[in-house]
Amino acid sequence: MAAIQEYKCPCCGGAIAFDSTIQKMKCPFCDTEFKMETLASYDDELKNDQADDMSWQMASDGEWQADELRGLSAYACQSCGGEIACDENTAATSCPFCGNPVVLTGRFSGALRPDFVIPFKVNRRAAKEALKKHYEGKRLLPKVFKEQNHINEVKGIYVPFWLFDTGANVNMRYKATKVRTWSDSKYDYTETKFYLVSRSGELKFEKVPVDGSEKIPDDLMESLEPFHFSEAVDFQTSYLAGYLADKYDVDVEHSAERANERIRKSSEEAFRETVTGYTTVTKETGSIQLQNGKVTYALFPVWLLSTKWNGENYLFAMNGQTGKMVGDLPLDKAVYRKWLFGLTGAIGVALYAFLYLLWLL
Amino acid sequence: MMKTLHKRMAGTFLVLLLAVFTISAISVLSVSAADNASRLVDGADLLSDSEESDLLYILDEISERQQVDIVVVTVDSTEGVPVGAYADDFYDYNGYGFGDGRDGILLLISMEERDWYISTCGYGITALTDAGREYISGKFVDDLSIGDYAAGFTRFAELCDDFITQANSGEPYDVGNLPQEAFGFAGNLVLAFAVAFIIALIVTGIMKGQLKTVCSQSAADDYMNKDSLHLTKNDDLFLYRNVDRREKKEDDNSGGSKTHTSSSGETHGGGGGKF
């Protein structure tokens with residue numbers, strides 16, 4: 001006995017029946033007509049849905065050599081709880097995150113050994129110049145802030161990053177329409193054609209970085225991107241000389257969520273771009289399965305400056321590889337109001353005069 | 001005896017002839033049938049006696065000066081006749097209008113359904129175009145709505161006067177050429193400063209934006225290997241189509257007046273609405 005196949009109308013979702021007079025499937029609710037084959041293919045597409053799979057494997061097996069650790073000192077900040085390391089010839093005096101004094105707590109220990117490091121490329125002088133430039137041309141920045149800044153406190157620090165490598169299998173399904181309009185002497189016509197668009201394929205991601213330090217805001221680090229991994233080298237403690245190093249305190253599982261979000265967004269955008277020639281495209285469903293997702297641990301170079309102003313902490317960062325400078329600056333409310341009302345007044349008077357001229361003509 | 005009779009008859013004839021000449025001479029100058037029908041017919045009794053005489057004075061003065069009849073008629077009901085046809089017929093059968101063209105403008109108010117209708121004839125059609133009528137009605141219908149009929153009618157008469165004067169210059173008020181409104185000092189002031197405030201907000205918003213350089217990256221495009229994108233399935237399945245048919249709207253922005261023929265065969269323009 002043949003199984004009875006029941007189809008749902010792609011247009012309204014109602015149960016659909018065969019109409020013998022037109023020899024087509026016709027929805028009794030919305031009167032849309034379909035070819036039998038169309039519905040069969042549509043049904044197949046719906047059955048192909050897969051669930052997401054975004055799991056990762058730790059590829060890092062870095063173990064510290066005993067003599068490597070011996071050369072590193074650990075410091076702790078009594079104020080914000082930040083922990084940093086530096087080689088024994090470099091003395092850390094203040095916390096790079098909050099500016100308060102740090103104390104030596106002994107030898108650096110624990111945690112994984114980084115797999116890679118991108119060495120500093122931009123020196124301290126360039127970092128200071130960049131910060132000065134960062135203040136320029138910003139009219140709403142409080143004047144006091146420009147004068148009070150203690151630009152010399154800028155510190156070079158290696159920030160821990162988790163790097164995610166993966167291949168992604170992506171399945172996307174869209175509803176798309178093509179709209180065509182034409183007219184005759186009496187009527188305007190609008191024809192809308194509806195399509196089910198399916199896209200499947202593979203995509204590779206290499207070294208998607210996620211900040212592994214809790215002390216440094218994720219958005220600040222993401223604003224510094226991109227870091228070019230092509231310049232990374234195998235980790236050696238000698239790279240730490242003269243700089244501070246933070247150790248990771250956000251684990252891989254936690255960081256993976258952020259990496260997954262970004263990979264999903266990029267995959268969806270990349271696949272969406274392959275759907276062309278339509279008037280509208282709406283995503284219906286989509287799933288991503290990661291293949292050979294692996295995680296490595298690396299240190300990236302960052303110049304940090306922490307500044308206190310009006311009781312608030314402002315953290316500026318510069319990409320130690322590319323020289324990109326970021327950091328939110330405070331707003332001088334009095335200056336802001338002056339500009340707002342000054343502009344309103346000036347533009348208002350000009351507009352009023354313009355309206356009057358317009359009326360005269 | 002016979003002679004004196006003849007003389008008398010000739011005298012009478014002469015007097016009669018003179019009278020006919022005089023009348024026809026006058027009628028050539030200003031044949032307005034308003035001689036026998038008043039330019040104000042307040043059938044619905046909306047005006048007081050003093051308002052009536054004031055309005056009639058204005059209507060007569062404008063009509064005589066412009067040589068175009070301005071007529072105001074109020075009725076309780078049009079007795080089932082469409083208000084437009086009633087206005088046209090009222091105009092035709094009461095013999096309003098100056099000259100051969102029967103130049104005139106008639107405003108009819110019917111209280112039953114609160115209709116107003118302006119019927120134009122002859123030069124009135126030229127002076128009061130469809131667009132002009134829309135403009136005029138925007139000025140006096142509000143007065144009718146609140147029951148200030150005397151003010152509404154007076155306003156109507158004055159506007160007709162302006163429109164006829166403008167039409168005499170050879171360029172009647174019409175689409176794209178309507179009377180200029182007075183400059184709204186307060187309204188434009190509020191408008192100018194509201195727009196200025198929005199612009200100022202945008203400008204200072206941009207300045208504020210310069211202070212903020214920290215933002216999350218929502219995607220990982222920098223780390224995507226673009227060449228690695230490889231599609232294994234690329235299906236576009238046509239499902240169904242919808243065709244929507246809509247009747248074309250007639251574009252009516254040409255100006256001038258649309259005319260029709262009344263029951264007596266006279267050509268009229270006009271239109272109306274509710275108040």
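In this predicted model, Arg65(B) forms a salt bridge with Glu61(B), the closest N and O atoms being 2.7 Å apart. Both residues belong to helix 2 of chain B (residues 49-66), where they stand four residues apart, about one turn of the helix. Over all chains the structure holds 26 salt bridges, and three of these are counted between chain B and chain A, across a contact that buries about 6,500 Å².

**Salt bridges within chain B**

- Both partners of the helix 2 pair are partly exposed: Arg65(B) has a relative accessible area of 45%, and Glu61(B) has one of 34%.
- Glu266(B) forms a salt bridge with Arg102(B), in which the closest N and O atoms lie 3.7 Å apart. This pair links distant parts of the chain, 164 residues apart, with Glu266(B) in the loop between strand 6 (259-261) and strand 7 (267-274) of chain B and Arg102(B) in the loop between helix 3 (83-93) and strand 3 (104-110) of chain B.
- Glu266(B) counts as partly exposed because its relative accessibility is 22%, and the buried class is reserved for values under 20%.
- A further salt bridge joins the side chains of Arg246(B) and Asp244(B), with 2.8 Å from N to O. Arg246(B) counts as exposed at 55% relative accessibility, whereas Asp244(B), at 34%, counts as partly exposed.
- Arg39(B), Asp60(B), Glu64(B) and Asp69(B) are joined into one network by salt bridges that share partners.

**The contact between chain B and chain A**

- Chain A brings 85 residues to the contact, and chain B brings 57 residues.
- Of the area of about 6,500 Å² buried between the two chains, carbon and sulfur atoms give 61%. On the side of chain B, the residues that lose the most area to chain A are Leu211(B), Tyr223(B) and Tyr240(B), which together account for 14% of what that side buries.
- One of the salt bridges in the structure is formed by Asp236(B) with Arg199(A), whose closest N and O atoms are 2.9 Å apart.
- In addition to the three salt bridges between chain B and chain A, the count of residue pairs in polar contact between these chains is 35, with both residues at pLDDT 80 or more.
- Helix 7 (185-211) and strand 5 (224-247) of chain B each supply at least two residues of the side that touches chain A. Strand 5 of chain B gives the largest share of that side, 22 residues.

**Surroundings of Pro330(A)**

- Pro330(A) is found in the loop between strand 15 (325-326) and helix 7 (333-360) of chain A, and this proline is buried, with a relative accessible area of 4%.
- Leaving aside residues up to four places away in sequence, Pro330(A) touches Leu140(A), Leu141(A), Pro142(A), Phe145(A), Trp309(A) and Tyr314(A), together with Leu211(B) from the other chain. Leu211(B) is also one of the chain B residues that lose the most area to chain A.
- Asn310(A) is 20 residues from Pro330(A) along the chain, and the C-alpha atoms of these two residues are separated by 9.6 Å.

**A three-stranded sheet in chain A**

- Three strands of chain A form an open sheet in the order 1-2-3, with antiparallel pairing. Strand 1 (17-19) and strand 3 (33-34) stand at the edges, each with a single partner strand, so one side of each is left without a neighbour in the sheet.
- Strand 1 and strand 2 (residues 24-26) of chain A pair in the antiparallel sense over three bridges. In strand 2, Met25(A) is the bridge partner of Phe18(A).

**Cysteines without disulfides**

- Zero disulfides are present over all chains of the structure.
- Cys27(A) is in no disulfide, and its nearest cysteine sulfur, that of Cys12(A), is 3.6 Å away; this separation does not qualify because a disulfide requires the two sulfur atoms to be within 2.5 Å.
- Cys30(A) is likewise in no disulfide, its nearest cysteine sulfur being that of Cys27(A), 3.6 Å away.
- Cys27(A) is buried, with a relative accessible area of 0%, whereas Cys30(A) is partly exposed, with a relative accessible area of 28%.

Methods: Residues numbered from 1 in each chain as written. Chains lettered and ligands numbered in written order. Predicted model: local features only at pLDDT ≥ 70, side-chain atom pairs only at ≥ 80, totals over all residues. Heavy atoms only, no water. Pairing = 2+ DSSP bridges. Buried < 20%, exposed > 50% of the residue type's maximum accessible area, 1.4 Å probe, protein only. Contact = heavy atoms within 4.5 Å. Buried area = accessible area lost by both parts, 1.4 Å probe. Salt bridge = Lys/Arg side-chain N within 4 Å of Asp/Glu carboxyl O. Polar contact = N/O pair within 3.5 Å; in protein donor to acceptor, adjacent residues only side chain to side chain.
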